[in-house]
Amino acid sequence: SFLPIIPGAITSWIGLFLVYKISYIENDWTFLTITLVIALVVFLMDYILPSLGAKKYGGTKAGIIGTTIGLIAGIFLLGAFLGPFAIIVGPFAGAYIGETIGNPKDKKRALRAAFGSFIGFLSGTLLKFILGITYLYLYIKIILKHKEIIF
């Protein structure tokens, strides 16, 4: 849910798909189709929300790229020092640095755009996290429903 490189929504759906591929469980194509469509929408929104947040607050593509780089750098470089706060500090700092590189004279606008990119990133991450938890719940529910057959 937290790494933009890994498509968390699609990966979560693959888990649901694989549980229905167990030969003892009858396929529910309606369920799989609906959950796939939801996963695809969340997957797309994860890429759209940071852009919308940045644009709403006057950001540029440099801020969005900075947000992604800041997240990855935050996890790997700052994670040892800041723990889970690196996921928050990294994207914001990356967005600010990206906006500052893109327009070095207007620091106030860079800060505002960084905030927008960061809010968009957090929105997409929250959406992926909620979907992942929901799909995990559905996965466990399906497994428990068929536990006599599977185990």
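These are my notebook entries on a few helices and residues I looked up in this predicted model.

**Entry 1: helix α1 and its partners**

I began with helix α1, which covers residues 8–20. I checked how α1 sits against α2 and found an angle of about 170 degrees, with the axes 8 Å apart. An angle over 145 degrees counts as roughly antiparallel, so α1 is roughly antiparallel to α2. On the α1 side of this contact I listed Ala9, Ile10, Trp13, Leu16, Phe17 and Tyr20. The α2 side brings Trp29, Phe31, Leu32, Thr35, Leu36, Ala39, Leu40, Val42 and Phe43.

Next I turned to α1 and α5. Their packing angle is about 10 degrees and their axes lie 9 Å apart. That makes α1 roughly parallel to α5, because angles under 35 degrees count that way. Here α1 offers Ala9, Ser12, Trp13, Gly15, Leu16, Val19 and Tyr20. They meet Leu131, Gly132, Tyr135, Leu138, Tyr139, Ile142 and Ile143 of α5.

**Entry 2: phenylalanine 17**

Is phenylalanine 17 of α1 buried or exposed? Neither label fits: its relative accessible area is 25%, so phenylalanine 17 is partly exposed. Setting aside neighbours within four places in sequence, I found phenylalanine 17 in contact with Trp29 and Leu32. I also took a long-range distance: phenylalanine 17 and glycine 124 are 107 residues apart in sequence, and their C-alpha atoms are 23 Å apart in space.

**Entry 3: glutamate 26**

Moving on along the chain, I found glutamate 26 in the loop between α1 and α2. Its relative accessibility is 70%, so glutamate 26 counts as exposed. From glutamate 26 to glycine 53 I noted 27 residues in sequence and 42 Å in space, C-alpha to C-alpha.

**Entry 4: helix α2**

I wanted to see whether the length of α2 makes sense. Helix α2 has 28 residues (29–56), which at 1.5 Å a residue should span 40 Å; the end C-alpha atoms are 39 Å apart, so the two values agree. I did find a kink of about 30 degrees at aspartate 46, shortly before proline 50. Both aspartate 46 and proline 50 appear among the buried residues of α2. Also on that buried list are Phe31, Leu32, Thr35, Ala39, Val42, Leu49, Gly53 and Ala54. After α2 comes glycine 58, where phi is positive, near 85 degrees.

**Entry 5: glutamate 99**

Where does glutamate 99 sit? I found glutamate 99 in helix α4, which runs over residues 86–102. With a relative accessible area of 1%, glutamate 99 is buried. What does its side chain reach? The side chain of glutamate 99 comes to 3.3 Å from the backbone nitrogen of glycine 63. Neighbours within four places in sequence left aside, its contacts are Gly59, Thr60, Ala62, Gly63, Arg109, Ala110, Ala113 and Ala114.

**Entry 6: histidine 146**

I closed with histidine 146, which I found in the loop between α5 (107–145) and α6 (147–150). Its relative accessible area is 16%, and buried means under 20%, so histidine 146 is buried. A polar atom of the histidine 146 side chain lies 3.0 Å from the backbone oxygen of isoleucine 142. I had already met Ile142 in α5, on the list of residues that face α1 in the contact between those helices.

Notes: Residues numbered from 1 in each chain as written. Predicted model: local features only at pLDDT ≥ 70, side-chain atom pairs only at ≥ 80, totals over all residues. Heavy atoms only, no water. Helix = DSSP H or I, 4+ residues; strand = E, 2+ residues; numbered from the N terminus. Buried < 20%, exposed > 50% of the residue type's maximum accessible area, 1.4 Å probe, protein only. Polar contact = N/O pair within 3.5 Å; in protein donor to acceptor, adjacent residues only side chain to side chain. Contact = heavy atoms within 4.5 Å. Expected span 1.5 Å × (residues − 1). Bend = angle between axes of the 7 residues up to and from the residue. Axes fitted to C-alpha atoms, helices over the stretch in contact; angles between N-to-C directions. Parallel < 35°, antiparallel > 145°, perpendicular 65-115°, else oblique.
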